[in-house]
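Reader: I have a structure to go through and I don't know where to start. Can we take it piece by piece?

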Amino acid sequence: MEKLIYELVNYGLANGLIDEADKTYTVNKLMEFFGISDIASEDSYDVQSGRELHLILEDIMDEAAKTGLLSADATTNEKDLFDTKVMGLITPPPSVVQRKWNALLSSSCKEATDFYYSFSKATNYIRTDRIKKDERWSAETEFGSIDISINLSKPEKDPRDIAKAGQAKKSGYPACLLCRENEGYAGTMTHPARQNHRIIPIQLCGEDYYLQYSPYVYYNEHCIIFNKEHIPMKIDKAVFRKLLSFVGQFPHYTAGSNADLPIVGGSILSHDHFQGGCYEFPMVRAPYEKNFVIKGYEDITAGIIKWPLSTIRLRGDDMERIADLSDRILGLWRGYTDEAAFIFSETDGVPHNTITPIARMRDGQYEIDLVLRNNITTDEHPMGVYHPHQEYHHIKKENIGLIEVMGLAILPARLKTELAEIESIVAGALESCDTLPSNQSADFYSTLRKTLSENEKTASHADWVMESVMKDGINSSNIHDILRQEVGSTFAKVLECAGVYKCTDEGREAFMRFIDTI
């Protein structure tokens with residue numbers, strides 16, 4: 001363990017987590033934590049250098065298990081609680097991090113975010129070794145290239161952790177995963193440890209917010225901007241102003257908000273927050289499909305963009321003018337009903353209409369996308385009419401939130417093994433035949449469908465494979481690429497499900513009926 005202590009301290013020095021003046025102090029803190037009362041000089045050990053952090057921590061946990069500090073059969077959750085506590089010992093306090101941030105911010109907002117993002121990875125708050133496991137690719141659709149990811153970085157729930165969590169004493173502190181009280185929190189079986197977590201205070205329109213990065217970084221520099229207070233999310237004029245204020249301060253970032261209603265909203269509606277990052281989402285590349293002029297706002301470029309979700313894009317020089325027009329559109333949409341298009345503002349007093357807003361800077365101008373959302377349900381679509389429909393649940397059945405609205409699919413981990421199994425089965429069938437699939441006998445297709453349907457991993461995909469994947473020209477060497485392309489095409493259809501106005505002549509006519517009210 002002594003050698004590993006020096007290796008961890010040297011890692012902290014190399015990554016700016018500790019200063020040379022703090023080296024002995026930090027060694028002593030680690031010795032205390034591991035129950036070591038005596039240690040030789042660093043020269044006495046063959047200390048490795050340059051190893052990845054997760055390898056150092058894995059070795060530390062192996063040693064801790066030998067001494068009883070960590071259970072020999074610890075779950076992933078228990079290991080996360082342990083190694084985060086270790087990292088907390090070499091993570092500088094909030095005041096040090098904030099001083100560094102402020103010094104950099106005074107000269108360059110990008111230098112400040114570059115520092116903070118690197119810092120968040122260096123502390124292992126962002127577990128880069130897990131993020132690397134995520135699978136990512138792009139697929140061409142009628143709406144342009146969209147991005148696909150299979151999320152493998154979140155560890156699966158261990159039944160032992162679930163049992164322990166059920167026995168644990170419930171706590172209301174911190175109130176949620178976003179609250180500022182998470183900074184430095186030790187964590188529990190039901191709440192992640194955050195000793196290595198540091199947050200950055202910022203101001204949005206005179207209100208106190210904090211900036212942090214998502215530990216799962218679904219895209220480059222995936223950040224979260226959250227209210228100092230634990231208050232519910234609400235889409236209103238203040239939100240439009242704050243989003244525009246944020247991108248004005250950090251013009252290299254996008255910022256958006258999930259909607260404020262269930263089904264079409266995010267997973268945490270109880271705490272006011274936005275998400276952003278330094279990433280060009282596919283939605284950004286969507287062109288205007290139809291422009292229009294709004295009386296009284298002739299200085300603002302407005303139009304519908306070519307995108308599967310029903311989106312109004314506004315662009316202009318004046319942040320307050322754009323926020324004002326956005327609020328006007330929101331107010332009209334909240335109360336808008338068009339029975340012919342199956343859009344109801346409310347049923348039985350329950351509101352259905354809201355907006356998912358996304359802000360950015362483009363060519364020195366403010367730009368905001370207002371995505372019209374509706375969460376109505378029916379007997380035919382109990383999970384939502386404007387929600388992924390049943391025939392696409394084998395690929396995606398979860399809510400379509402902000403990130404996916406912008407064209408980045410976050411698909412479940414199960415798809416990795418399921419797609420690999422499909423590839424194996426189809427490749428095997430193709431290798432056993434000499435002609436293209438279209439020339440195969442009915443028996444070929446019947447046998448393939450039967451094989452897929454009887455396999456637990458591929459049964460839900462059988463119809464999709466036979467109808468969408470088995471195309472002329474498919475062979476054992478290109479099945480992998482074809483599968484990925486079809487996943488992308490299916491995700492585009494999922495996004496179309498979420499669009500309140502379909503991309504048809506009838507849908508565009510209905511969309512313009514709403515535009516006329518503006």
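Author: We will go from the whole chain to a helix pair and then to some single residues. Keep in mind that this is a predicted model.

Reader: OK, basics. How many helices and strands does the protein chain have?

Author: The protein chain has 16 helices and 15 strands.

Reader: And is it compact or not, for 518 residues?

Author: The radius of gyration is 26 Å, and the globule rule gives 24 Å for 518 residues. Those values are close, so the chain is as compact as a globular protein of that length. Along the principal axes, the C-alpha atoms fill a box of roughly 80 × 65 × 45 Å.

Reader: What share of the residues counts as buried?

Author: 53% of the 518 residues.

Reader: What about contacts, how far apart in sequence are the partners?

Author: Take the contacts between residues at least 6 apart in sequence: 66% of them join residues at least 24 apart.

Reader: Switching to helices. At what angle do H12 and H13 cross?

Author: Helix H12 covers residues 414-431 and helix H13 covers residues 442-454. Their axes cross at roughly 155 degrees and come within 10 Å. That makes H12 roughly antiparallel to H13, because angles over 145 degrees are classed that way.

Reader: Is that crossing left-handed or right-handed?

Author: The crossing of H12 and H13 is right-handed.

Reader: Which residues meet there?

Author: From H12, Ile 425, Val 426, Ala 429 and Leu 430. From H13, Phe 444, Leu 448, Thr 451 and Leu 452. Sorted by type, the contact has seven nonpolar residues, one polar and no charged.

Reader: New topic. Where is Leu 332?

Author: Leu 332 is in helix H10, residues 319-334. Its relative accessibility is 30%, so Leu 332 counts as partly exposed.

Reader: What does Leu 332 touch, leaving out residues up to four places away in sequence?

Author: Phe 514, Thr 517 and Ile 518. As for Thr 26, 306 residues from Leu 332 along the chain, the C-alpha atoms of the two are separated by 59 Å.

Reader: Now Gly 401. How much separates its C-alpha atom from that of Gly 265?

Author: 5.8 Å, with the two glycines 136 residues apart along the chain. Gly 401 sits in the loop between strand E14 (365-374) and helix H11 (402-405). At 13% relative accessibility, Gly 401 counts as buried.

Reader: Anything odd in the backbone? Which peptide bond is cis, with omega near -15 degrees?

Author: The one from Tyr 173 to Pro 174. Pro 174 lies in the loop between helix H8 (159-167) and strand E3 (200-204).

Reader: Why mention a cis bond at all?

Author: Because most peptide bonds are trans. Most residues other than glycine also have a negative phi.

Reader: So what is phi of Glu 221?

Author: Near 55 degrees, a positive value in a residue other than glycine. Glu 221 is in the loop between strand E4 (207-213) and strand E5 (223-227). Phe 342 also has a positive phi, about 55 degrees, and is not a glycine. Phe 342 is in the loop between H10 and strand E11 (346-347).

Reader: Are those two buried or partly exposed?

Author: Glu 221 counts as buried, at 6% relative accessibility. Phe 342 counts as partly exposed, at 33%.

How values were computed: Residues are numbered from 1 along each chain as its sequence is written. This is a predicted model: local features need pLDDT of at least 70, side-chain atom pairs count only at pLDDT 80 or more; totals for chains, interfaces and linings use all residues. Side-chain values use heavy atoms; hydrogens and water are left out. Axes are lines fitted to C-alpha atoms, for helices over the stretch in contact, and angles run from 0 to 180 degrees between N-to-C directions. Helices (H or I, at least four residues) and strands (E, at least two) are DSSP runs, numbered from the N terminus. Angles under 35 degrees count as roughly parallel, over 145 as roughly antiparallel, 65 to 115 as roughly perpendicular and the rest as oblique. A crossing is left-handed if the near helix is turned anticlockwise from the far one by less than a right angle, and right-handed if clockwise. Contact means heavy atoms within 4.5 Å. Ala, Val, Leu, Ile, Met, Phe, Trp, Tyr, Cys and Pro count as nonpolar, Asp, Glu, Lys and Arg as charged, and the others, Gly among them, as polar. The radius of gyration is taken over C-alpha atoms; the globule rule is 2.2 Å times the number of residues to the power 0.38. Buried means under 20% relative accessible area, exposed over 50%, partly exposed in between (1.4 Å probe, protein chains only).
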